[in-house]
Amino acid sequence: MMGGDEHYHDRKDRVFVREVSGAYNLKEELQRLSSLPRVIHPDVVPWTDGPQVYSRHYLEPGQGLGQTLHIHLEEYAP
C-alpha cells in the first residue's frame, strides 16, 4: 500500500459467499417450497407506485417463495 491508502482489492476481510447460519435443513426447505403455489396470477398482485411508473413484484426473497429470485414487472408512462 502506497501512502497509507487502502484499496478494496488489498483488503483481506472481503466476503464473496455468505454463510448459511442458523437452523437450516435442505430437505425441509424443499418440502416447504414444493407445498407453495407454483403459479402466481397477476390479479392477486397489486400495482404499486405511479403515475409515471407502475410495478408489480411477483417474487421477492422476503416473501418466502424463493431464496434468490426477484421477479417484477414495470410499466413506464410515455
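Start by selecting Leu 59 and Ile 71: Leu 59 stands opposite Ile 71, which belongs to β3. You are looking at a predicted model, and this pair is a good place to begin the tour.

**Stop 1: the two strands around your pair**

Now widen the selection to β2, residues 53-59, and β3, residues 71-76. These two strands pair in the antiparallel sense, over six bridges. Another of their facing pairs is easy to pick out: select Tyr 54, and its bridge partner in β3 is Glu 75.

**Stop 2: the hairpin**

Next, add β1, residues 48-49. What is the sense of the pairing between β1 and β2? It is antiparallel, and it runs over two bridges. To see the strands face each other, select Thr 48, which stands opposite Ser 55 in β2. β1 and β2 form a hairpin, with three residues between them. Click on Gly 50 in that turn: its phi is positive, at about 110 degrees.

**Stop 3: the whole sheet**

Keep all of these strands on screen. Together, three strands make an open sheet with antiparallel pairing, in the order β1-β2-β3. Which strands are at the edges? They are β1 and β3, each of which pairs on one side only.

**Stop 4: the helix and the overall pattern**

Now select α1, residues 26-35. With α1 added, you have the full set of secondary structure: one helix and three strands. Following the chain along its sequence, you meet them in the pattern α-β-β-β.

**Stop 5: the largest pocket**

Select Leu 33, Ser 34, Leu 36, Pro 37, Arg 38, Val 39, Ile 40, Tyr 58, Leu 59, Leu 65 and Ile 71, the residues that line the largest pocket. Your opening pair is back, since Leu 59 and Ile 71 are both in this lining. The pocket has a volume of about 220 Å³. Which elements each supply at least two residues of its lining? They are α1 and β2. Try coloring the lining by residue type: nine of its residues are nonpolar, one is polar and one is charged.

**Stop 6: the whole protein**

Finally, zoom out and show the surface. The protein exposes about 7200 Å², and carbon and sulfur atoms supply 55% of that area. Of the 78 residues, 9% are buried. If you display contacts with a separation of 6 or more, 23% of them are between residues 24 or more positions apart.

Key. Residues are numbered from 1 along each chain as its sequence is written. This is a predicted model: local features need pLDDT of at least 70, side-chain atom pairs count only at pLDDT 80 or more; totals for chains, interfaces and linings use all residues. Side-chain values use heavy atoms; hydrogens and water are left out. On a 1 Å grid over the protein atoms alone, a cavity is a set of points where a 1.4 Å probe fits but cannot get out, and a pocket is an open set with protein on both sides within 12 Å along at least five of seven lines; lining residues have an atom within 4 Å of a point. Grid points are joined across faces, edges and corners, and a volume is the space filled by probe spheres set on the points. Helices (H or I, at least four residues) and strands (E, at least two) are DSSP runs, numbered from the N terminus. Ala, Val, Leu, Ile, Met, Phe, Trp, Tyr, Cys and Pro count as nonpolar, Asp, Glu, Lys and Arg as charged, and the others, Gly among them, as polar. Two strands pair if DSSP finds at least two bridges between them. Buried means under 20% relative accessible area, exposed over 50%, partly exposed in between (1.4 Å probe, protein chains only). Contact means heavy atoms within 4.5 Å. Accessible areas come from the Shrake-Rupley method with a 1.4 Å probe; for residues, only the protein chains shown count as cover.
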